[in-house]
Amino acid sequence: MEIKIPNEVMELIGKRGIKEADVKDVIETAESSNKKIVMGNRNIAKKLIGQATVYVDYELEKGLVRKHATVKSAYSHRLMLGDIVNATDKSDWVCAHCNEPAMYGHVAMTYMQVTRNGPAVVCPKCRDSWVEEYLATKTLAAVEGLFEKKRA
């Protein structure tokens with residue numbers, strides 16, 4: 001699979017401390033396992049790499065043979081996602097693994113041995129969950145910073 005990362009996205013992921021190789025690893029793993037959420041040709045995949053869960057938002061070329069992925073964004077967080085607490089609202093996402101509609105809900109999130117519930121996109125069937133970019137880059141990043149500051 002050819003994976004294209006536009007220059008502006010390379011700059012963004014560089015600022016976020018995410019390596020190009022990790023982005024490609026996340027996409028290749030998702031495409032081989034089908035563990036991702038899909039909305040049209042847009043895909044969000046994730047993979048635990050080191051201490052962080054790295055997410056890649058990418059589009060696959062339309063057609064019968066999908067050979068090209070274009071990365072739209074990549075982000076990460078260090079919270080561990082746990083059990084689904086609830087699934088409350090429909091989303092436009094589909095869990096590609098189950099081919100079931102994904103829902104907006106809450107999951108247990110653990111960081112530095114503290115667990116709280118937080119919003120996520122969840123698959124009620126396979127019990128997997130994903131965090132959207134706005135949440136990971138703003139709220140969860142702030143939470144991680146506060147916990148680290150408190151522990152220092």
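User: What percentage of the 152 residues in the chain is buried?
Analyst: The model is a predicted one. A residue is called buried when its relative accessible area is under 20%. Of the 152 residues in the chain, the buried share is 39%.

User: Which order do the elements of the chain follow from the N terminus on?
Analyst: The chain holds 3 helices and 9 strands. Read from the N terminus, the elements run β-α-α-β-β-β-β-β-β-β-β-α.

User: What radius of gyration does the chain have, set against that of a compact globule?
Analyst: The C-alpha trace spans about 50 × 35 × 20 Å along its principal axes. For 152 residues, a compact globule would have a radius of gyration near 15 Å. The chain agrees with that value, at 15 Å.

User: Which residue meets Lys47 in a salt bridge, and where does that residue lie?
Analyst: The side chain of Lys47 forms a salt bridge with that of Asp25, at 2.9 Å from N to O. The pair links distant parts of the chain, 22 residues apart, with Lys47 in strand β3 (residues 42–49). Lys47 is partly exposed at a relative accessible area of 24%, and Asp25 is partly exposed at 27%. The partner is Asp25, in helix α2 (residues 20–33).

User: Is Asp57 buried or exposed?
Analyst: Asp57 forms a salt bridge with Arg42, their closest N and O atoms being 2.8 Å apart. Asp57 lies in strand β4 (residues 52–60) and Arg42 in strand β3, so the pair ties together parts 15 residues apart in sequence. Arg42 is partly exposed, with a relative accessible area of 30%. Asp57 has a relative accessible area of 6% and is buried.

User: How many residues apart are Arg78 and Glu144?
Analyst: Arg78 and Glu144 form a salt bridge, with the closest N and O atoms 3.2 Å apart. Arg78 sits in the loop between β5 (68–77) and β6 (80–95), while Glu144 belongs to helix α3 (residues 133–151). The pair links distant parts of the chain, and the separation is 66 residues.

User: Which residues are linked with Arg78 in a network of salt bridges?
Analyst: Arg78 counts as partly exposed, at 33% relative accessibility. Glu144 counts as buried, at 5%. The residues linked with Arg78 in the network are Glu144 and Glu148.

User: How far apart are the mean positions of the positive and negative charges of the chain?
Analyst: By the rule for salt bridges, the count comes to 10. The chain carries 23 positive and 20 negative charges. Their mean positions are separated by 4 Å.

Methods: Residues numbered from 1 in each chain as written. Predicted model: local features only at pLDDT ≥ 70, side-chain atom pairs only at ≥ 80, totals over all residues. Heavy atoms only, no water. Helix = DSSP H or I, 4+ residues; strand = E, 2+ residues; numbered from the N terminus. Rg over C-alpha atoms; globule rule 2.2 N^0.38 Å. Buried < 20%, exposed > 50% of the residue type's maximum accessible area, 1.4 Å probe, protein only. Lys, Arg positive; Asp, Glu negative; His and termini not counted. Charge placed at Lys NZ, Arg CZ, Asp CG, Glu CD. Salt bridge = Lys/Arg side-chain N within 4 Å of Asp/Glu carboxyl O.
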